[in-house]
Amino acid sequence: MQQFFFTIWPKRKRSRGLLMLVFLISFCGYGQEMSVSGTVTGDVDGLPLPGVNVIEKGTNNGVVTNMDGEYSIEVSPQAVLIFSSLGFETREIQVNNQNQLDVQLSEDLESLDDVVVVGYGTQRKEEITSAVSSVDSDEFVKGNVNDVGQLLQGKVAGLSVSQPSGDPTGTSQIRLRGTSTILGGNTDPLILIDGIPGDFRTVPPEDIESIDVLKDGSAAAIYGTRGTNGVILVTTKRASGAYTNRVDYSVNLSTQQIANQLDLLTADDYRRQIEAGTREANWDLGSSTDWMDAITRTPFSQVHNLTFRGGNQQTNYLATANYRGLEGIFLKSDNETFSGRVDINHSMFDDKLKFNIGIIGRSNNYTTTGNGSSFNGYTYRQAIYRNPTEPIYADDGSFFEQLGNLDYENPVARIYESDGENRSQFNRYNARIIYEPLDDLTLNATGSLSRYYQTRGYAESKNHISTIRDGLNGYVSNGTTETQEKLLELTAQYEKKINKHNFTLLGGYSYQQNYYRDYYMENRDFPTDVFSYHNIDLGNGINEGRANVEGYSEKSNLIGFFSRLNYIFDNKYILMGSVRYEAASQLYRAHVPWGTFPAVSAGWRVSEESFMDNIGFINDLKLRAGYGVTGTPNSDGFGAVPLLGYGDFFNYNGTWVRTLVPSQNPNPNLKWEEKHETNLGLDYTIFDNRITGSVDYYVRDIQDLLFDFSVPSPPNLYSTTRANVGVMRNSGLEVALNINIYEQEDFQWTTNMNFSTNSNKLESLSNDLYQTTNDFFTTGGTGPPIQTTTHIVEVGEPIGNFYGFKVVGLDEEGLWIYETPEGETQSYEEFSHSFGDKQVLGNGLPNYYANWNNTFRYKNLDLNISMRGAFDYQILNFERMFTENPSMQHYNRLASSEENVFGQETPLEAPLEYNSYYVEDGDFWKIDNITVGYNFDEIGNYIKTARISISSLNTFTFTNYSGIDPEVDWSGLSPGNDGRDKYPATRTFTLGLNVSF
Amino acid sequence: MKKHKFTYKGIVLLFLIATVSCTKLEDTNYNTIVADEFTPTSDDVAALISSAYVDWRNTLLLWNGIWRSQELTGDEVVIPARPNGWVDGGIYKRLHQHTWTPDHDAVEQGWSRTYNGITNCNKIIYQTESGYIPMDEEQKTAALAEVKVLRASYYYLLMDLYGNVPLDTDFDVPEGYLPEQKSRQEIYDFVVSEITENIDDLSDSPGQEMYGRFNKWAAYTLLAKVYLNAEVYTGTPQWEKCIEACQEVIDSGNFILEPDQKNVFITENQNSKEIIFALAIDQNYTTEWNTFDIHMQTLQPANQATYDLEQSPWGGMAAIPQFIDTFDPEDSRLTENFIYGQQYTSSGEILNSTLGSYAGEPLAFINEIPSVDRSEGIHGYRFGKFEIALGSSNILNNDFPVFRYADVLMMKAESLLRTGKSEEAATIVTEIRERAFKSNPEKAEVTGAELQEGTIYDYGLRNENNSTNEGGEDIPYGRFLDELGWEFNQEGRRRQDMIRFGVFTSKSWFSHNPNGSYRSLYPIPQSALNSNSNLTQNPGY
C-alpha cells in the first residue's frame, strides 16, 4: 500500500520537521493569482467525494475536499491541478483561467489489480520476478465456501486444494508443488492475514479482498524457515481513502448431500441371500433399516455477512460482522461461528505518519460426538457395518444392541447417547505504524497479539455402549487449550529512482513467540447423567484410580532478520535479491541454530525492447528466473539435546514410581530442512490484452530432510535419532492461460485455464554420519483386522507408492491368484504372503492437475463454471477392501460383494486382504462450482447494488473410481488412502443474496 | 531540521534496541528434561533404578513380545485366522510355521525392547559409578550388583533368542561407536560371571521391598536357568551347577509350593510364596496398551459378558488340540487353566456365537481347530490360567511370575534325571503333580522309569488339509517335557523347553512342519543389521 502514496504526493525537494508539517496545508504556498473551486464526484454513483487531494502541480500548494466534495484553491492561471484519492484514478486538469472546475474521478480498478502483495510489501505486477499468483475476490470460488483454501480451489496452477472431508469443521488440504517432507508434519503453507501469521479460518471468506500465493523459493525465501510449502498472503477488505458511508450485506443459504452414496446390502438383499442359501437364516432380525438414512439429514446452513465502511482521507474504518451456522449431513455435526473485525486507519502529519489498528474476534462452537472432535468417524463405520434387518430400537424402546459382535455398536445410539461441545474464542489485536521521515524512506512497525482459548466437554450417558457393554457407568471428559502468539516486526524501506535506475531496499527484523497449553481430564462412574459433561467432579472414577488427567505446554520463539533489494533498470531489467537469517527455539543448543535463506531472481521485460516494437500482437512479455532457499523446521522442540522423560510406572519397594527414562538422543548437528528451488518463468499478454498468462518450470531440491534414523541402542540411549539425512526432488511445469474470448457491452466470456505437473523422487536417505543398508521404509496403515502397511517410501522412487500383493485372478475355489514381483503367477497356497512378495501397486499422488474456469456475462446475468481434474494416480478403496469380501458375515457389505471377482463365478473365499484388487485409478474431471447470478441496478433510493445467485459445489464428477469421491486425502506419506471412517465428501447447493446500501 | 534528524535517529535507535534485545532463543521446556541440565537428588534414585526394570515387562508381554516368540512358535499355542481377522499379514502363521524373516515384528521387538533394558542398565551403572546418582557406598554397591544382574538377565534373553549378539557394557563411548558382536559362548560366559560376581552383594530379603527386583534368590534362579540350558547355549551341559543354584533357593526356606497352583495366578497373587521374580502389573499404573492382555487375545467378543469386561475381547489365541489331548482328563491343570465348553454370561445365561458361520448358535469351545488359515469362534480351548477377574479392563491386574518355586524344583528334577538320578527326580515331579490330582492322588505318582520314556504328545501335522503321524516316543526324557508343558503352559517359555528336548525343529504339529534346525535361533533383526555394520546374520538366514 505504501507504494501508492508515493504516487499521490509529488516529490518534495526539501524535508521538514514534524511540526512544520502540521502547518503545511494551511500556510505553505507561493504567490496566488486566482481562485478555483468546484466539486469532486465519483463516476459510478455521482456522489461527492470527500478527502480528495487537490494539488497544484510542481508546487507544494494543495487542499483537500470537504465532506460535500467541495474544494477551493488559489493557483496561478496556467496551473495544472492534480486530483487524487486512493481507489480512484488520478487526474491532471489544466486550470485555463476557469474559476469553477467540477471533476469526476473514475474508480481505479486497474491500479489495485496491478499491485501484487509480496513478502513485507507490494510490487507492481510487471516488476515481479518470481512465481506469484494473485486471486481477487471476483475470481474466488462462490457458494458455501468456508475457508481461505477453498476460495483458491482450481484458481492457481500448482496449488492443489481439496476438501476430502464433508465435516463442517474440516478445513482445506493444500499442497503446493508436491510433497516436501518425509516426517509428515509441516505440510501447510504459511498463511499471513495482512502480514500476520494466521490460519485458514482466521477471517471468514466474505471478508477477504484478495489472495496472493508465493509459489517459488525466490519469493518465499524472505520468510525463511516457514516458506517451503509456499506463502499465502491474505489481504482482507480494507478501509482506505475517502468513503461515503457504505453498508454491504450478504446471505448464503445452503444444503448438502453425500457426493456419491455407497450402495450397501439392504434388508431385502439379506432375505434374498437367506433364501438363496448364501446366508444363515438367523441373520434376519425382522426389521428393515437404512442405517445411513438413520444417521444423516438434509442439512441447512446459513451465512450472513455485514460490512460497514466509512471515514475520510485521514481517518477511515471498516467493520464486519459475520455469522456462519453450518450443519453437516450427519446428525449432530455442525459448526457455528460468529466473527467480527474492525480495521481503522488514520494518517497525520501530511500522511507522513500512518496508523492502522485492527481487531479480529471470533467465537466458535460446535457439537461433538467424538471425544473432543466434531463427528466420530467410527459412528459412520458402524452405519455401514450394521445389519440392515436390525431395528434401531428394541421393543422396550431402548436402542437395539448386539453386544457380542466385535466392534459393533448401534450408530444411532452412539449419536444420541453422546453429548459434547467445543467452544472457542479467538482474538487478535494488531497495530501498525508507518512513518516516512524522508521522501524515500518508509519505516514500519507492526505488533500483534493473538490469543485462542478452547474448552471441550464431552459425555457418554449411561445408555451409551460404554456403559451397557463396557461398564463405565457414565463417562465425561473435559479439556482446554490455550495458544498465544506475539509478533513484532520492524521494517525499513528505502526507495530511490535515479534516471533509469530504480532501487528499493528493504531491511527488517521479526520476532515471534508462541505459547501453547492444553490440559485434559476424564472421569467415569457417575451417579447420574443429568448434568451431561458439566459436573466432571461427580464421577467416582477418580477415587477408583480410573480417571485420566493430562497436561502439556510449550513455548517457542522464532527470530529473523531479513533484507531485500529490488533493482530495475530502464523498466526492462529487473533484479531481486533477498536474504533471511533466522533461528528458532527448535534448534536450542544445536551447533548451528541460525540458518541463512538467500534468494535471487531476475526478470527481462522483452516487450520493452525496441526490437519488439514491430511485433504487434505481443503486449507484454517477461522472462523470469529465480533461485531461492527456504526451510522447514523440526516439528518438535529440543531436538539437539538429550532428553529425559517420565515414563511407565514400576513397583519399587511396594510403591508405584514413575520411571525416568531417556526420551531422545541428542543430535547437536540438527538443522533446518532446506529447499533449494529454481524457477524459470514467462509472463505474457498478447493479442490486444485479450490473452494473458504465464508458464513456470520449477525444480525443488529438498536437502537435509529430517528423518528418525535407526541407531543401535546401546550405545545410543534411544533407538532412533532425528537427523537431517534425506534428499528429495520435485519438479514440474505450470501453465496458466486467461482469455477474454468475447468482450462486448452486453455479453462477455472470459475463460481461465491452468495446468500443472509434478514429479517427485526421494533421492537419498543417508548422509556421511548416517548410512542405511535399507533404502526404504513402509508407512500408512490399513488398521484392523487387516493390519498391514499400505505404502513404501523408497530411495529412487516417488512418495506415495502403494506397496502390497498383486492379484491377477481368482481360482475356482475362490482364492486369489497372485503375481510375484518376478512376474510369476502363483496360487494362494504357493504364494508365501511375505514382505518380499509385495510390490508397487500404484501411486496415490496425481501427476497432472488441470483447472478450467469460465465466466459468462449477459447484461445483468452472469454464469460461472469451474472445472477441475487430477490425473494419473491411484486410490486404495478402504470401503471395498473391508466391506466387499463375501466371507465377512458379521458386518454388512457393499452390494458389489455379490458381483463376480475377476469374472469368477465362485465367490471370494480368502480372508480380508490388502491387495491390488482394491487399488483403483482415481483420475477425475469435476464440474465443481456452478454459479448463476443476477445483478440488479439501483433499487429505490437506498439500495445501490443488489445481486442474487444460485451456486453448487462439487456438482458433477466424471471418474471410474467407485468410492464416494476421488478427491481423497493427499497429505503425508500415505496419500491416496480413502479411509473407511472418513466423513464423506458432499455436494452443496447455495442460494445467495448481496445488497449494498 | 535538527528536530527532524533527532526523530529519525531516535527511531533508528529504537529499532536497534528492539532488535538486540530479542535475539535469544527461548529455552523454556515444560514437558521434558534436558538430560545434561538435570542433577538427580536422592528422591530420584527410585525413578532412575526402576527405569531399567520396565523393559522386562515390555519385552515379555507387549504386542509381539517374547511371550509370543516363546509360545506361538511352540506346540501349545496358536493364533489361527479368525472370522474377525488375526491374519495381520501372516505374522502369527509365520511364527507357527517357523517361516519368520529378519524383519518379522516379533524378531524386531524381542531385540529392541531387550536392548532398551540394557541401555538403561548401562546408563545407571555409569551414573552410579560416576557419582551422578547420589548414593552412599553401601547403597552404591547394592545398586551396582542389582543392575548388573538385571543386565545379565536381559543378555540371558538375547542369548536364548538370538545367540550371537553385541555385548555392550559401556555407556560413555565415543561418537559413532558401534558395538562388536560376540558368540553365544561369550555371552554365556559374561552372563554367568556377572551373576556369580555380584550375587553376594544382592539383598537376601524376599519381602516386599525387593518384590519384582533381583534379590539373591531371583539371581540364583536366573543362574539355574542359564545352567539348565548351558548345553544348548555352549554345547557343554552344567547339570550339577544347575542343581547347586536350585539348592541355594530351596535351602533359603523363603519359598513354598502353593497348595493350589491357582494361587500363583490369581488376580491378587503378589503375596504368593511360590513367586520368586514377578513382573508387577496394575491396571491403574501399568497402562501401556497390551501390557498384559492374554484374556483379550484369547476370549471371544461374547465372553465380555462372562467376565463383565470393560472391553470386548478380540477372540484369537487358542490351545493346539494335540497339546490338550496330552492331558489326563482329571488333571486340574487342564480343567482350571483352560476355558472350554459352553460359555455363559456372568449371571449364568447361555452365550451365543456372534461371529462367523456359527453366529447365533451356542458358543461352546471345542478342542478342534480346522487349520492355522481358518477357524470359527468355537474352535480351540482358550487360556484361563491367569484368573480373569470380573470387571477386568484390557489389562489384567495379576502379576506375571517369571520365576517361581515350582520351576526351581523342576529344574533340579530335570538335572537329576539327566544325571542318572531318575528316582530323585520322580519324587520332586510327584510332589508337584500332587496338587493337580487332589481327587485322585494315585495319578500324581510318577516313577523314574516313566520320566525316561518318550513324550505322549502325538506329533504330526493335524489340520483340515493334512494329517501325518510322527508320535513322540523317540524323544529322550519326553515324558519330562510333557510334565513341563502341563505345569508351565501359558507362561511364555515353551520354545526354550522344546529346544532343550530336541523337539522344536524336528517335529510337526497342527499346521507346522519343521523348517530347519537353524530356526532354534532367531535371526538378527533387519533394523539391527541396518544400524550396526559390525553385525553378521545368524547362520541359515
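# Reading the labels

Colleague: Why is A:R880 called buried?
Modeller: A:R880 has a relative accessible area of 10%. The label applies under 20%, so at 10% A:R880 is buried. Bear in mind that this is a predicted model.

Colleague: What makes A:R880 and A:E884 a salt bridge?
Modeller: Their side chains meet at 3.0 Å, N to O. The rule asks for a nitrogen within 4 Å of a carboxyl oxygen, so the pair counts. A:E884 is buried too, with a relative accessible area of 9%.

Colleague: How do you know that B:E76 and B:R494 form a salt bridge?
Modeller: The N to O distance is 3.2 Å. The limit is 4 Å, so this pair also passes. The two residues are 418 apart and link distant parts of the chain. B:E76 sits in the loop between α4 (66-71) and β2 (77-78) of chain B. B:R494 is in helix α20 (residues 494-500) of chain B.

Colleague: Are these two residues buried or exposed?
Modeller: B:E76 has a relative accessible area of 2%, and B:R494 has 3% relative accessibility. The threshold is 20%, so both are buried.

Colleague: What makes a salt-bridge network in chain B?
Modeller: Shared partners do. They join B:E274, B:D331, B:R333, B:K385, B:R404, B:R435, B:E487 and B:E491 into one network. Over all chains the rule counts 83 salt bridges.

Colleague: What does the pair A:D981 and A:R381 tie together?
Modeller: Their side chains meet in a salt bridge of 2.9 Å, N to O. A:D981 lies in the loop between β51 (977-978) and β52 (986-996) of chain A, and A:R381 lies in helix α8 (residues 377-385) of chain A, so the bridge ties together parts that are 600 residues apart in sequence.

Colleague: Why is A:D981 called partly exposed?
Modeller: A:D981 has 27% relative accessibility. Partly exposed runs between 20% and 50%, so A:D981 gets that label. A:R381 has 12%, under the 20% limit, and therefore counts as buried.

Colleague: Why is helix α3 of chain B called largely enclosed?
Modeller: Eight of its eight residues, 54-61, are buried, so the rest of the structure largely encloses the helix. Among them are B:W56, B:R57 and B:L60.

Colleague: How many residues make up the largest nonpolar core, and which touch the most other members?
Modeller: That core has 218 residues, with A:W816, B:Y155, B:V191, B:F214 and B:F400 touching the most other members. Helix α7 (residues 137-161) of chain B gives the largest share, 14 residues. A second, separate core has 24 residues, including A:F140, A:L176, A:V203 and A:V213.

Colleague: Which residues are in contact with B:V191, leaving aside its sequence neighbours within four places?
Modeller: B:A152, B:Y155, B:Y156, B:M159 and B:V226.

Colleague: What makes β4 and β7 of chain A edge strands?
Modeller: The sheet is open, with three strands in the order β4-β1-β7 (chain A) and mixed pairing. β4 (70-75) and β7 (103-105) each have a single partner strand, so one side of each is left without a neighbour in the sheet. The twist averages 35° from one strand to the next.

Colleague: How do you know that β1(A) and β7(A) pair?
Modeller: They share three bridges, in the parallel sense. Pairing needs at least two, so three suffice. One bridge puts A:G42 opposite A:L105 in β7(A).

Colleague: What joins β40 and β41 of chain A?
Modeller: Four bridges join β40 (residues 806-810) to β41 (residues 816-819), and the strands run antiparallel. A:K806 has A:E819 as its bridge partner. Five residues lie between the strands of this hairpin, and A:G814 takes a positive phi near 80°.

Colleague: Why is A:S866 called buried?
Modeller: A:S866 has 4% relative accessibility; the limit is 20%, so the label holds. A:S866 is in strand β45 (residues 861-871) of chain A. Among its contacts beyond four places in sequence are A:K155, A:W852 and A:D928.

Colleague: How many residues meet between chain B and chain A?
Modeller: 94 residues of chain B are in contact with 90 of chain A. The two chains bury about 7600 Å² between them, 60% of it on carbon and sulfur atoms. Four salt bridges cross this interface. B:E310 and A:R524 also meet in a salt bridge at 2.9 Å, N to O; the limit is 4 Å, so the pair qualifies.

Terms used. Residues numbered from 1 in each chain as written. Chains lettered and ligands numbered in written order. Predicted model: local features only at pLDDT ≥ 70, side-chain atom pairs only at ≥ 80, totals over all residues. Heavy atoms only, no water. Core = buried A, V, L, I, M, F, W, Y, C linked by side-chain atoms within 4.5 Å. Buried < 20%, exposed > 50% of the residue type's maximum accessible area, 1.4 Å probe, protein only. Contact = heavy atoms within 4.5 Å. Axes fitted to C-alpha atoms, helices over the stretch in contact; angles between N-to-C directions. Buried area = accessible area lost by both parts, 1.4 Å probe.
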